[in-house]
Amino acid sequence: MSAEYIISQLINGLRLGSVYAIVAVGYSIVYGILRLINFAHGDIMTIGVYIMLLFMTSTGMPLWSVIVVSVLVSVIVGVLIERFAYRPLRSAGEEATLISSLAVSTLLQNLLQMIFSPQKKAFYLPDFFTQQHQFGIVKLSTMNILTFAAVIIMVIALTLVVQKTKIGTAMRACSENLDASRLMGIKPNQVIVFAFAVGSGLAALAGLMLAGEYKTIDPLMGFVPGLKAFCAAVVGGIGSLYGAVAGGLVIGVAEMLFAGLMPTSVTAYRDAFVFVVLIVVLLFWPNGIFGRSEGRRS
Amino acid sequence: MMMLKVDNLVVRYGGITAVDGVSLELEEHETVALIGANGAGKTTTLHTISGLLKAAGGKIFFQDEEITKVPAENLVARGVVQVPEGRQVFAKLTVEENLRLGAYLQKNKQVIRANHEKVMTLFPILQERRRQAAGTLSGGEQQMLAIGRALMSNPKLLLLDEPSMGLSPLMTQQVFDVLLELKKQGMTILLVEQNAYEALTISDRAYIMETGNITLEGRSSELIHDPRVKDAYLGGDL
Amino acid sequence: MKKKITKLLVLALAGAMVFSLAACSNSADTNSPAPSGTGDGGSAAVTGDTINVGALFNITGGQASLDEPGYRAFQLYFDELNAAGGINGRQIKVVSYDGKTDQTTCATNTTKLIDVDNVVAIGGLSDSNYAFSAGNVAQAAEVPFVFSGATTPSLNDIGNYVFLTAFGDDTCAYAAADYVTNELGLTKVYMLVDQSMDFTTTLARCFQERLEANGGEIVMTDNYMNKDPDFSAQIDRFLNDSKGAEILFFSSVPDDIGTIVKQYRDKGVTLPFISGDGADTPLLMEVGGEAAEGTLVSTHCSFENQDPVVQDFVTLYTETQGTAPENAFAALGYDCAHVIATAIEMCGDDVTPANVRDNLEKIQDLRCVTGTISYTAESHVPQKSATILEVQDGAFAFVAELNP
């Protein structure tokens, strides 16, 4: 097994992990504030991708503006889901909203199947994105480079937002103590809507990265990566921004190294392997690698 | 002007009536104590006034406007600010960030700066600890921060919930000194306390609460000598 | 702490469970009739002038690109037959349901066809996973089920009430292996196998068997699971060391094959591709695009075959459906109806499920679009020839017909 080969699988893992990281951040910020695991989050990714496909094939809009539209639509969908599926149930407890999120996930999948048919569809980005570049023994596609750049930009931007802006500080306050935040005059709904908007917009971008790599999309494509991103958020310590990113990269790299380095007789079971990683991590770090024990909630 | 008027307030948790027909009043610049044992319904009353809990009956007025159904986050702008029980500072945020959050709704930078200065003068220790995470402060320092945070919003009515809870006698004394200072500056304060002696010492008037009802009210200087109060609440302290 | 681990694990498992449900069922509703279905049911199979025949196809879900053309051709056969006067003066009523590419739905709808709609025979299904679940139900109820496109030879072991319209996977795989060694003269093969399907694992096993018998060798086998969208690990493994492979054999079902050829080509694999009848789907070109060009497919028939039986079908289908037959599964659906109708006709006036079964077994040398069908008491898997197609300019072109 050559170093070149291991590096190529490592890059596959980092690329996949970057997508998980971006989606995991969305899980984490919503969970941080609401203690809600939003299982529909992965399907927002799918919506974003279908919107892109719709605008790419039916209009002559340039790619960047198609991406902007798709992100905006996903943000709106995410915010509407919060408003109509979660907010009315918020006083009913975490379990009720959790069940609701599963229902929303199924609903979105079925809606997409009705509108776009359950069949796979081709999703081609311009050749520019699939071009391979050689850096020594490291081979990267344009898409890989953009994906890594996106994660770095996301981490920097979110750090700035969370640390330096008013809404970011409010978000941290809410995730620590919702009632005390209300006593400061922070309107939790504004912060929650902001969290859903950020998470959904990021999910649309993650969807683009997945679809661009896979070249095909289908109405169920977001669910499994969404679930793995949730594992990533838990592995990293749910509620923590850096934990979500680290967890995403850990899960992505672990999955790809498993698929790439293990004997081919077991590699088809990589989905199961991700859950094994989750279980093992939780056995040693019950709060995730970066997680601290739950703060008080009153 | 009547600052706060609570009229026949009823609050229920599920089937349990925690507050059962409480009425109380605060004049402007007045410091009023609400005293009672654990579970008497003091904190529930306070949370309902500040909008964290919903009233099942009765009405609450602030400066003659009804605020019964106004949620907590909207009351702050009107000037009703609560310093919650157990401090509840944002432990992962710095002292400075906690204070900034106190001024969350304040848009005028000059007002913020002035309030900030006022708080720092009142609590010089917070100046030293500015960049520290609030969770690393001692209990007394956290209480200072909680009060300072509330002051950042320019409150007209300060609701304090058990400010002495869990503090050493020395720290308790310091906290009450600060309250006295605020009172002197003309702040209107509703103080919920189990520490009846300290509360009666600094307040103008007081209400005694038992199992969801006000059982006694009067001038603090008189209540402190009232045998019923002495027996029930001041026994060990005197 | 313990409690938190447990809670998170329960959540993760709940999620995984929902995933598996979502993965195999494309819709929560399991009982609505297929689009042009006539599932009002309730009457006996043979009421005066009509005979009820069941149609169970996966009109939606991953199998739709095979079953949907199959279903339309099946219906088409009986429409034509009814217009020409029916069978022995009686009309055939096709009662149809959507299996939704879900094994449970296939099983319950088979029960429904038998118990509610009282059909004398059922036709349909292009994949063995669904055929197994529906076939076992039909066998238990003793109603004949003729699979239109399913090809796993072991379907024959379900019992004496199930029949195949198509050849077994062994024929399809042998033809592919023979073509690789004898026509292309290649011996070193890389194989990618979908481990989640009976069809794909059987196809791969038969292919390897024949290839080795022909003096070839599988230099490398890699695996995946149906619906895995990401082949980068497999591709990089192959690119790192292709072990001298000269051609790639993909044992895949329709919803994956387009993705596979696209990702392998885009990552720089230039060797030829060959696959089984799971690749005989328009999705290969729709999803694979340019990358699908040159892909070889071992399947049931070619519509370029000038035999009048084939050409008549192509003309009829094109005229009535507004499109040329999408793939061989359209022809198989048509042949499946043909087989059932022939057995019903042989029953004369006494049309019962048992009689239909007995007469199905007696069918000999029935000339169909996809070849000549004969059954024996031992084997309900017809021996037919296989056709090799190649994707040329976005369409399937005939390359060879093989009789392995």
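Which residues are buried in helix 12 of chain A? In this predicted model, the buried residues of helix 12 of chain A are Arg270(A), Val274(A), Leu278(A), Val281(A) and Leu282(A). Seen down the axis of helix 12 of chain A, these buried residues fall within an arc of 135°, so they line one face of the helix. An α-helix has 3.6 residues a turn, so residues three or four places apart point the same way. The face turned away from that buried side carries exposed residues, namely Ala272(A), Val276(A), Val280(A), Leu283(A) and Phe284(A). Helix 12 itself, with 15 residues from 270 to 284, reaches 21 Å from its first C-alpha to its last, which is close to the 21 Å expected at 1.5 Å a residue.

The two chains also meet, with 21 residues of chain B in contact with 16 residues of chain A. On the side of chain B that touches chain A, helix 2 (72–75), strand 6 (80–83) and helix 3 (95–102) of chain B each supply at least two residues, and helix 3 of chain B gives the most, with 4 residues. The residues of this side of chain B divide by kind as follows.

| Kind of residue | Residues on the side of chain B that touches chain A |
|---|---|
| Nonpolar | 12 residues |
| Polar | 5 residues |
| Charged | 4 residues |

As for confidence, chain A has a mean pLDDT of 91, and 98% of its residues reach 70 or more. Over residues 294–298 of chain A, however, the pLDDT is below 50, and this stretch has 5 contacts in the model beyond near neighbours in sequence. Where pLDDT is low, the predicted coordinates should not be read in detail.

Note on methods. Residues numbered from 1 in each chain as written. Chains lettered and ligands numbered in written order. Predicted model: local features only at pLDDT ≥ 70, side-chain atom pairs only at ≥ 80, totals over all residues. Expected span 1.5 Å × (residues − 1). Buried ≥ 20, exposed ≤ 12 C-beta atoms within 10 Å, placed from the backbone. Arc of directions from axis to C-beta. Contact = placed C-beta atoms within 7 Å. Nonpolar A, V, L, I, M, F, W, Y, C, P; charged D, E, K, R; others polar. pLDDT = per-residue confidence, 0-100.
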